[in-house]
Amino acid sequence: MKAQPYIVMAKPVGSLCNMECSFCYYLNTPSQENLGLSEGKGPLRSIMSGEMLESFIKQYITSSPGPVVSFTWHGGEPTLAGLDFYKLAVELQKKYLPEGWICWNNLQTNGLLLDEKWCAFLASEKFQVGLSIDGTAHIHDKHRKDRGNKKGSAYEGAVAAVRLLQSHGLQPDLLCTVNSDTAKRPLDVYRALRKLNTGWIQFIPVVVKEKSSDPEGGPGGLKMTAESVSGPMYGDFLCAVFDEWLLNDLGRLDVQLFAETMQVWAGGRAGLCWMTPTCGRALIVESEGSVYSCDHFVAPDHRIGDINTSDLGELADSQAQIRFGLDKRDSLPGQCRSCPWLKFCNGGCPKDRFALSKDGEPGLNYLCQGFSRFFSYIEPALSLVDSFAQQGLSSEAIMTKLRERFAALWKGVGRNDPCPCGSGKKAKSCCWAKRI
């Protein structure tokens, strides 16, 4: 019996990376340290062997309901496995793929190792590429250091990779982290990404805990790293970017969270795992074959098996994995269950649910204030867009009407007046830069 649909994120080089990002949550995870795969402990051991690659591909295709099998290659930096590794992967996919089925490959990369040969291969095999770039050069280079500074500015290297991919007919998805610096410059970051003209942007909040002896550092004596974004900061960032996108780029450029939210608003289901009621259908396969419940839970407690001794499809449908997925829904605090925005976030990603609710109940998402701010802020706009769309208006016509309303909202508002967005702040300290 085939497994129910699931996806696998394969990490062919484990945590091995050619960059040092200040907010990396993966490099020193317990599993990597135990396997000797962390920096300085023999990186050659972290590259998936050809035999392991074949076993993974065969098991994944065999257990998939088809007719499309999605492969996501992640890291660390997955291009460190080498171009020949992916040529072999494609050959093996074709070997085991049933007639009439197709494979979809996605490569998540920092772009620094991409060259003409890489891009020609990715284009010929129709890979989709997700490329990490944090908006502006200052922010990107501050937090994403090229190990050994071999490429100079990591930002310039990422931009060059975008342009090279585009020259081969590939439009990469831009993956932008929202850290404590990014959150302060929402329009600068968004506009810089928009200039790259790829058509798709993802904003990923940086939420990383660090151990603290401070009893007021949070639940369990934890506090956040300096790079982490707070809930309110994240909410303000999203609202600022949403206004810019809605008034200028509706129908031209997609922002993942906005697209997913509008899909739920229209009565559909979100595709993002953290927005769904349950999770557990996105597994991780490490370089030596270990299988984990989720990318954010690569730790011994969430190791559900390995593809050397177990079938991948059976692991996906194992009781441990099913329970992991259901825990997201079943452990929601009362504050979430009664929240008007529950249908959008469903409590958010379990990795971020370590805050206390208003009633002192554990399991509240650390970013809850930001999500509430964002979803409540965009609700009137979504209603308007839906109304205009029902009238048959084009995206351009909708933006024109929205800009007229936005301009009217700001009419007569001075720098020291309350901001029209309703934040309670003075306009100069809030949305002044967004006014038309």
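**Exercise 1. Is Cys239 buried or exposed?**

Keep in mind that you're working with a predicted model.

*Step 1.* Look up the relative accessible area of Cys239: 1%.
*Step 2.* Compare that with the cut-off, where buried means under 20%.
*Step 3.* Cys239 has a relative accessible area of 1%, so this residue is buried.

Now try the neighbours in the list below and sort them by the same cut-off.

- Ala240 comes in at 10%, so Ala240 is buried. You'll find Ala240 in helix H8, residues 231-248.
- Trp118 has 6% relative accessibility, so Trp118 counts as buried too. Trp118 belongs to helix H4, residues 116-124.

**Exercise 2. How many disulfides are there, and how far from Cys21 is the nearest cysteine sulfur?**

*Step 1.* Start with the chemistry: a disulfide is a covalent bond joining the sulfur atoms of two cysteines.
*Step 2.* Recall the cut-off, which asks for two cysteine sulfur atoms within 2.5 Å.
*Step 3.* Apply that rule and the count is zero disulfides. Take Cys21: the nearest cysteine sulfur belongs to Cys17 and is 6.0 Å away, and Cys21 is in no disulfide.

**Exercise 3. What should helix H14 span, and where does H14 bend?**

*Step 1.* Helix H14 covers residues 368-390, which is 23 residues.
*Step 2.* At 1.5 Å a residue, H14 should span 33 Å.
*Step 3.* Check the model: the end C-alpha atoms of H14 are 32 Å apart, which agrees with the expected span.
*Step 4.* Now look for a kink. H14 bends by about 40° at Glu379, and a proline, Pro380, follows within four residues.
*Step 5.* Finally, see which residues of H14 are hidden. Among the buried ones are Phe371, Phe374, Phe375, Ile378, Leu382 and Val385. Here's a handy idea for reading a list like that: an α-helix has 3.6 residues a turn, so residues three or four places apart point the same way.

**Exercise 4. Which parts of the chain does the salt bridge between Arg373 and Asp236 link?**

*Step 1.* Begin with the general idea: side chains of opposite charge can pair when their charged atoms come close.
*Step 2.* Find the pair. The side chains of Arg373 and Asp236 form a salt bridge at 3.0 Å, N to O.
*Step 3.* Locate both ends: Arg373 sits in helix H14 and Asp236 in helix H8, 137 residues apart, so the pair links distant parts of the chain.
*Step 4.* Check how covered the two partners are. With a relative accessible area of 22%, Arg373 is partly exposed. Asp236, at 29%, also counts as partly exposed.

**Exercise 5. How many salt bridges does the whole structure have?**

*Step 1.* Searching the whole structure gives 18 salt bridges.
*Step 2.* Pick one of them: Arg194 and Asp249 meet at 2.8 Å, N to O. Arg194 is in helix H7, while Asp249 is in the loop between H8 and strand E11, 55 residues apart.
*Step 3.* Compare the two ends. Arg194 is partly exposed at 24%, whereas Asp249 is buried at 6%.
*Step 4.* Now a second pair: the side chains of Asp352 and Lys351 meet at 2.7 Å, N to O. Asp352 is buried, with 5%, and Lys351 is partly exposed, with 22%.
*Step 5.* Look for shared partners. Salt bridges that share partners join Arg191, Arg194, Glu244 and Asp249 into one network.

**Exercise 6. Where are the cis peptide bonds at Pro67 and Gly76 found?**

*Step 1.* Know the background: most residues other than glycine have a negative phi, and most peptide bonds are trans.
*Step 2.* The bond from Gly66 to Pro67 is cis, with omega near -5°. Pro67 lies in the loop between helix H2 and strand E3.
*Step 3.* The bond from Gly75 to Gly76 is cis as well, with omega near 15°. Gly76 lies in the loop between E3 and helix H3.
*Step 4.* Add two positive phi values. Lys126 has phi near 60°, and its place is in the loop between H4 and strand E5. Asn197 has phi near 55°, in the loop between helix H7 and strand E8.
*Step 5.* Check the exposure: Lys126 is exposed at 67%, and Asn197 is exposed at 57%.

How values were computed:
Residues numbered from 1 in each chain as written. Predicted model: local features only at pLDDT ≥ 70, side-chain atom pairs only at ≥ 80, totals over all residues. Heavy atoms only, no water. Buried < 20%, exposed > 50% of the residue type's maximum accessible area, 1.4 Å probe, protein only. Expected span 1.5 Å × (residues − 1). Bend = angle between axes of the 7 residues up to and from the residue. Salt bridge = Lys/Arg side-chain N within 4 Å of Asp/Glu carboxyl O.
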